Amino acid sequence: ESKRCGRGRFTFFDAELDKRMKRRLELEHQLPLAVKNGDLYMVYQSKNSIESGEILGFEALMRLDCRALGTVGPDEFIEVAEDTGLIEELGRFALRKGCEDLARFQAIGGRSLTMAINVSVRQLVDDSIVSYTRQMIADNGIDPTQLELEITESLLAENLAQVMPRLEQLRALGLSLTIDDFGTGYSSLGYLTRFPVATLKIDKCFVDDLVKNANDATVVRTIIQMGHALGLKVVAEGLEDEAQWRMLRQFGCDIGQGYLFSKPLDYGQAERLLQTTAKIPLLRPAREGH
Ligand code: C2E
Ligand code: MG
Ligand code: MG
Ligand code: MG
């Protein structure tokens with residue numbers, strides 16, 4: 001079966017469907033308890049310069065680890081949180097931890113780093129996120145230009161009129177906005193020019209077969225060219241090997257993120273990564289040519 005960019009497959013054996021529904025109910029039950037028990041935490045995945053490989057910053061990714069369910073990824077529990085209203089609280093947690101840890105990372109090696117935090121469109125329907133973000137920036141003494149919010153394209157495009165005022169208020173705080181999973185939203189490109197966004201993050205599904213599939217390569221190259229023509233930065237996510245890196249460098253992509261550079265790390269591991277790369281380059285540069 002060919003790998004496509006769609007999110008889910010909708011055909012399951014009955015047994016599998018049944019298993020999924022049980023899991024979902026279990027999550028609905030456990031998630032509020034996990035929040036109360038402090039079972040949520042953030043992990044950090046680096047974003048690296050495509051040109052030099054150096055770490056430019058991190059993206060904060062949420063994890064849930066509880067006795068009843070073990071470790072659960074956000075692809076499972078964020079949707080549940082959105083449906084049950086818990087997302088507001090999870091969103092504040094991500095913002096608070098992300099800002100606190102950015103301030104701690106900054107202190108290492110005196111480096112200037114960015115922190116990207118994922119925001120659900122559900123968090124953008126009222127303006128409480130604006131005051132909360134302003135407070136986190138102030139409390140942690142963060143330069144707002146080093147804070148970045150990532151918003152998934154599909155949901156954004158569907159709710160643009162409703163969330164636009166919030167995006168402008170957030171932009172006015174001085175932080176930058178990124179369209180996450182770009183290319184999967186089936187949306188009109190017209191809105192890009194009206195949207196207060198600084199960065200496009202190309203979805204992993206286009207990066208996966210970049211080297212093997214000429215059509216995917218064309219999509220990636222075109223997004224990079226269009227982004228640059230609009231004055232935007234372009235990030236590629238899900239970068240796993242050097243051949244992809246070489247091609248993205250050839251296309252002029254600005255930033256890369258993926259297992260090639262680093263997997264998501266807990267705070268301590270990320271701190272060690274920063275310490276060991278403060279003096280020496282993280283990676284040998286990819287060989288040119290080929
Ligand atoms: P995303 O923001 O597009 O994050 C990228 C996902 O791809 C992450 O999965 C990351 O671990 C994974 N990834 C990165 N590089 C590679 C790679 O080279 N290979 C492979 N196979 N995977 C890679 P994760 O952490 O499971 O997060 C999934 C999604 O959950 C995120 O997609 C984001 O939309 C959402 N999410 C995560 N944390 C939060 C949060 O705090 N708030 C909200 N609202 N959503 C979150
Ligand atoms: Mg993201
Ligand atoms: Mg993404
Ligand atoms: Mg993605």
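Biologist: Which atom of ligand 1 does a backbone N or O atom of Tyr259 approach, and at what distance?

Modeller: In this predicted model, the partner is an oxygen atom of ligand 1, and the backbone N or O atom of Tyr259 lies 2.8 Å from it. A pair of N or O atoms is read as a polar contact when the two are within 3.5 Å.

Biologist: How much of ligand 1 does the protein cover?

Modeller: On its own, ligand 1 has 800 Å² of accessible area, and the protein covers 85% of that. Two or more residues of the surrounding shell come from each of strand S1 (40-49), strand S2 (55-66), helix H2 (74-84), strand S4 (114-119) and strand S6 (176-182). The most is given by S2, with four residues.

Biologist: Which side chains place a polar atom by a nitrogen atom of ligand 1?

Modeller: Glu240 has a polar side-chain atom 2.5 Å from a nitrogen atom of the ligand. For Gln45, the corresponding distance to a nitrogen atom of ligand 1 is 3.1 Å.

Biologist: How many residues are around ligand 1, and which come nearest?

Modeller: There are 24, of which Arg63, Asn118, Asp180, Glu240 and Tyr259 come nearest. Sorted by class, the shell holds ten nonpolar, nine charged and five polar residues.

Biologist: What is the secondary structure of the chain as a whole?

Modeller: The chain has ten helices and nine strands. Of its 290 residues, 49% are buried, where buried means under 20% relative accessible area. Among contacts between residues at least 6 apart in sequence, 67% join residues at least 24 apart.

Note on methods: Residues numbered from 1 in each chain as written. Chains lettered and ligands numbered in written order. Predicted model: local features only at pLDDT ≥ 70, side-chain atom pairs only at ≥ 80, totals over all residues. Heavy atoms only, no water. Buried < 20%, exposed > 50% of the residue type's maximum accessible area, 1.4 Å probe, protein only. Contact = heavy atoms within 4.5 Å. Near = heavy atom within 4 Å. Polar contact = N/O pair within 3.5 Å; in protein donor to acceptor, adjacent residues only side chain to side chain. Areas by Shrake-Rupley, 256 points an atom, 1.4 Å probe, with all protein chains shown as cover. Nonpolar A, V, L, I, M, F, W, Y, C, P; charged D, E, K, R; others polar.
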